[in-house]
2 protein chains.
Amino acid sequence: MNKQTTLSALRFTYPNSKKIYIQGSQSDIQVGMREIQISDSLFPSYIAYDTSGVFSDSNRLIQWEEGLPKIRESWIAARHDTQVISKNAEQTTVRRGIDGKNTGQMYYAKQGIITPEMEYVAIRENQQIQALFEKHPGLQSKLQKSLGEKAVHKFITSDFVRQEIAAGRAVLLSNINHPEMEPMIIGSAFLVKINANIGHSSIDSNLEQEIAKSVWATGWGADTVMDLSTGKDIATTRNAIIRNAPVPIGTVPIYEALEKVDGIAENLSWEVYRDTLIEQAEQGVDYFTIHAGIKEKNILAAAERTTGIVSRGGAIMANWCLHHKKENFLYSHFDDICDIMQTYGVTFSLGDGMRPGSIADANDFSQIAELKVLGELTTHAWKRNIQVMIEGPGHIPLHRVKENAILANELCNNAPFYTLGPITTDIAPAYDHITSAIGAAHIGWHNTSMLCYVTPKEHLGLPNKDDVREGVITYKLTAHIADLAKQNLAASVRDYLLSRARFDFRWNDQFNLSLDPEKAKYFHDLTLPKESAKEAQFCSMCGPKFCSMRLSQSLKEQAKTKY
Amino acid sequence: MNKQTTLSALRFTYPNSKKIYIQGSQSDIQVGMREIQISDSLFPSYIAYDTSGVFSDSNRLIQWEEGLPKIRESWIAARHDTQVISKNAEQTTVRRGIDGKNTGQMYYAKQGIITPEMEYVAIRENQQIQALFEKHPGLQSKLQKSLGEKAVHKFITSDFVRQEIAAGRAVLLSNINHPEMEPMIIGSAFLVKINANIGHSSIDSNLEQEIAKSVWATGWGADTVMDLSTGKDIATTRNAIIRNAPVPIGTVPIYEALEKVDGIAENLSWEVYRDTLIEQAEQGVDYFTIHAGIKEKNILAAAERTTGIVSRGGAIMANWCLHHKKENFLYSHFDDICDIMQTYGVTFSLGDGMRPGSIADANDFSQIAELKVLGELTTHAWKRNIQVMIEGPGHIPLHRVKENAILANELCNNAPFYTLGPITTDIAPAYDHITSAIGAAHIGWHNTSMLCYVTPKEHLGLPNKDDVREGVITYKLTAHIADLAKQNLAASVRDYLLSRARFDFRWNDQFNLSLDPEKAKYFHDLTLPKESAKEAQFCSMCGPKFCSMRLSQSLKEQAKTKY
């Protein structure tokens, strides 16, 4: 496996895989996927959903200073609703909607327009599974046996994508200043997505590390990346990340605004914040987390909590409100914010500033009061034809996870729910990728659209590259578990092919179909490193005599001959 | 942290912790617990359920050749229903029931006898939480807010333990030849337990490694340990493990029986198996996994599966049946097996030889047909007053996990369910501790009594010490998540205390209350190693200006002064 994520040559490849492109209705719609070659006599390959962009295309070499190819440039230009307001060496072309015109996908969707972005995501979601099912007529009914009768394969059409966006049930993140981005869709009718947080704090990290982390995160499978940098050089770091990001990028703009006022929350103002939003929108940030749901009257209840306010943005705004005895300017200026969002095609991610930070605070007044405000803001944004996601908790005991999903859908009219975890116990710092994955699989099953990863370093420190990998893979498997639980028949094909490989002792196929081939192979090779062991009918777990798979194969033989 | 698990001095200690003993109604009932000292002004300590035995008692030093103190010896002798049949330097005293008399806890429970073992587990389950709630009258209602109205604290009495055992809803594992064992209880009315598998295969490992692994597993929190050794010197390894095990030990006796016939399944016989059972029972194995649910008529259906039979014991017996065209001798000799079980007080763990090994095989005919047979065998064993656990799947998609728990309870009359995982996707080898923890938390919530851990090496190779730790901690947190989901109010106290420490920036308290203090501290110290950072009001994740907890504390101050 070749993973040169040094900055001179960013690359992320998987073993036995090749990058393929599926063409859409026009030649510049080229949807990148990863074809994994296997030696299964019935299924010679599997086509995986792929978030790694051209970093995994062996025919391309990316110099980070130049950034990625601008695949959406021509689509954006062809809509004739934007103007180029600046163009310079450092930041490439900067566009805005002509006269503040709405350039977001919901606006187009409501007019019945199927954009190239919508077509792209339809092709991407389908992963060529339809063709596979057509080639193997018995496969669907076989997989249905285990997933249940309701398990069906839903072929996604471009118009279905459009409808879901128009109804607000899905969002297609797409800042007009992020033409490098490969379109993807977030909504409960689609594959469950994951987000990886990166970004430096004032204590640690630097520009080069962050770019490498972003490429690394998308290589392993992050569907979106949030740059949560605080400290120095936020803008420079972010620009380098966006120019090299094949996935949508999100931020929490209040962090940069706070840096501008030297970290003193009470010195924040609408004007400082507004300017920050515009600067970030012009760089190409695809979605903003905005803590507009914090209302002055609801803040004091949080002082009674075990762990107060654990959202950074939430805590900042609460302090601001208490100091000034004024309403949260993110709430009072929400319509002004809408103006900026529509001009650049940015999507709202309405922040859960009051998410519970401990089991003891789960589902309390502060949390639910904020969620109601988010519902109200969603309705407002939709009237302005702007896309919205709703951010969710936090720390929640497992038996109350489902009611959070239901409540969010009810109060926010089925806007895509985007949750951090939830973390289902407080007692396992250093293992919170797992405590949260348990909650995340459950909430993903109950129609949460995107899961924000948690790394092993949560509550303890800034994640490094290993933590990012552990977090991304943990959430990839979690999202997949949710897809299976949602009875998505197409998703179960990969499980089926991997299990066939496992049963046939095709060790390399088993590794290569897995989410982390490198680690699976490494673990296997710790005890049986020889190449010959890759076809051995056992592993070190049981040894040859006790391998149930081997015994079971002999059973198949006996069953044939004796009965 | 001092973890000398070299064999000359086995030791396992936690930081800021001291071993305490709670005395029962007689002076030789001394229930070991771990008191964690913290600097919380309201709560100076927390008393944790403790599986590490005297290895964590700083006043004791264990030489592995001598083994642990025999705390149950006098209780067993006092019942006057056993006879000493041999006594030798190597294997200590060997007992059996006089004239094959039943020496198991169900037999006593049904007669209304409360054994010292039952009293011990009642004290142990309560963890002194009652005293804590009495001292802090508001605590229960505070915790109830997040866990829900139905969340109550159930004080466990010795007679309640007896009733649960008599009804078959709980088992108290207790071979009369394992007097070193600290009694514990497995049942849906009690704390969710976890099992760790250890044992060498013919490919790897050795005696000393296995003893160290066993001590290591119980130190980190395993409630029972299964020795799944295959290969050479099984009996010697097992004896050393049992003599040093403060927790119940389980085995799958068919493995040793197969070694005796040189690994050729068709050469197995009832006689070889019977002798193996007796030998292991005389060594002190507390529970046997017995694959008696495999019936000849149901075997062939498994040949249609994607992954056949993945249980080693199941595959061995299926091969035997097909070869001899005879009924499984574990089934046909079940009553003879009962004779042995009762004579030594061994508990059945009825094996799921037909557990699905892939998502594609979940909940299929083979699995359910076997479960029905297990129900029939449970009824039979109960008539003989012998305790039973039911083993469960396997690979199951998340949305079908609950129906497995319900089905097992229905078909097997609420005998304690003991599950491996379930693993909820096949596509993440190297991360199957997580894919399975997601299923395990869910099935634990739905009244599964014990969860068998899965390590990151599952499907790939034999786990080493690091894997055992990762597996045990993953399942400790999973069991705890299930306890919270079952609205066990007492369980949530630890979450509450840890979150208080987190909010107060008592970093060391946060580490010490966690399941793995060493790793939590290590992760924190990677970026902020200085001792002064242990009281700093931030960590490297956000840095000082952006720490929501710090901002939130200032909010509390402002709320006090301004409103």
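**Entry 1: a loop in chain B.** I began with B:Gly394, which I placed in the loop between strand 13 (388-392) and helix 16 (401-411) of chain B. The model I am reading is a predicted one. I then looked at the peptide bond between B:Pro393 and B:Gly394 and found it to be cis, with omega about 20 degrees. I noted for comparison that most peptide bonds are trans.

**Entry 2: another cis bond, in chain A.** I recorded a cis peptide bond joining A:Gly421 and A:Pro422, where omega is about 5 degrees. A:Pro422 belongs to the loop that runs between strand 14 (417-420) and helix 17 (432-445) of chain A.

**Entry 3: positive phi values in chain B.** I looked up the backbone of B:Asn414 and read a phi near 65 degrees, a positive value in a residue other than glycine. B:Asn414 sits in the loop between helix 16 and strand 14 (417-420) of chain B. Its relative accessible area is 40%, so I entered B:Asn414 as partly exposed.

I next turned to B:Ala430, a residue other than glycine whose phi is also positive, near 90 degrees. The loop that holds B:Ala430 lies between strand 14 and helix 17 (432-445) of chain B. Is B:Ala430 buried or exposed? I entered B:Ala430 as buried, because its relative accessibility is 2%. I kept in mind that most residues other than glycine have a negative phi.

**Entry 4: the surroundings of A:Asn328.** I found A:Asn328 in the loop between helix 12 (312-324) and helix 13 (329-332) of chain A. The relative accessibility of A:Asn328 is 0%, and the residue therefore counts as buried. What does the side chain of A:Asn328 have 2.9 Å from one of its polar atoms? I found the backbone oxygen of A:Ile294 at that distance. I then listed the contacts of A:Asn328, leaving aside neighbours within four places in sequence: A:His291, A:Ala292, A:Ile294, A:Met317, A:Trp320 and A:Cys321.

**Entry 5: strand 8 of chain A.** I followed strand 8, residues 193-198 of chain A, and noted that 6 of its 6 residues are buried. A:Lys193, A:Asn195 and A:Asn197 point one way from the strand, while A:Ile194, A:Ala196 and A:Ile198 point the other way. Which strands pair with strand 8 of chain A? I found strand 15 (residues 450-452), which runs parallel to strand 8 and is joined to it by 3 bridges. In that pairing, A:Ile194 stands opposite A:Leu451. I also found strand 9 (residues 224-227) of chain A, paired with strand 8 in the parallel sense over 4 bridges. There, A:Ala196 has A:Val225 as its bridge partner.

**Entry 6: salt bridges.** I noted 58 salt bridges over all chains of the structure, and I examined several of them.

In chain A, I saw the side chains of A:Glu210 and A:Lys213 meet in a salt bridge, at 3.3 Å from N to O. Both residues lie in helix 7 (residues 207-220), 3 residues apart, which is about one turn of the helix. A:Glu210 and A:Lys213 are both buried.

In chain B, I recorded a salt bridge between B:Glu125 and B:Lys193, with the closest N and O atoms 2.7 Å apart. This pair links distant parts of the chain, 68 residues apart: B:Glu125 is in helix 3 (residues 116-126) and B:Lys193 in strand 8 (residues 193-198). I entered B:Glu125 and B:Lys193 as buried.

I also looked at B:Asp275 and B:Arg274, which form a salt bridge whose closest N and O atoms are 3.2 Å apart. B:Asp275 has a relative accessibility of 33% and so counts as partly exposed. B:Arg274, at 30%, counts as partly exposed because of that value.

Finally, I noted a network of salt bridges in chain A that links A:Asp40, A:Arg500, A:Asp504, A:Arg506 and A:Asp509.

**Entry 7: the interface of the chains.** I turned to the contact of chain B with chain A, which takes 122 residues from chain B and 122 residues from chain A. The size of an interface is often given as the accessible area lost when the parts come together. Between them, chain B and chain A bury about 10,400 Å², with 67% of it on carbon and sulfur atoms. I read the composition of the side of chain B that touches chain A as 57 nonpolar, 38 polar and 27 charged residues. How many salt bridges are there between chain B and chain A? I found a count of 0. For polar contact across the interface, I recorded 22 residue pairs, both residues being at pLDDT 80 or more.

How values were computed:
Residues are numbered from 1 along each chain as its sequence is written. Chains are lettered from A and ligands numbered from 1 in the order in which they are written. This is a predicted model: local features need pLDDT of at least 70, side-chain atom pairs count only at pLDDT 80 or more; totals for chains, interfaces and linings use all residues. Side-chain values use heavy atoms; hydrogens and water are left out. Contact means heavy atoms within 4.5 Å. Buried area is the accessible area (1.4 Å probe) that two parts lose on being put together, summed over both. A salt bridge is a side-chain nitrogen of Lys or Arg within 4 Å of a carboxyl oxygen of Asp or Glu. A polar contact is a pair of N or O atoms within 3.5 Å; within protein, one must be able to donate a hydrogen and the other to accept it, and residues adjacent in sequence count only if both atoms are side-chain atoms. Ala, Val, Leu, Ile, Met, Phe, Trp, Tyr, Cys and Pro count as nonpolar, Asp, Glu, Lys and Arg as charged, and the others, Gly among them, as polar. Helices (H or I, at least four residues) and strands (E, at least two) are DSSP runs, numbered from the N terminus. Buried means under 20% relative accessible area, exposed over 50%, partly exposed in between (1.4 Å probe, protein chains only). Two strands pair if DSSP finds at least two bridges between them.
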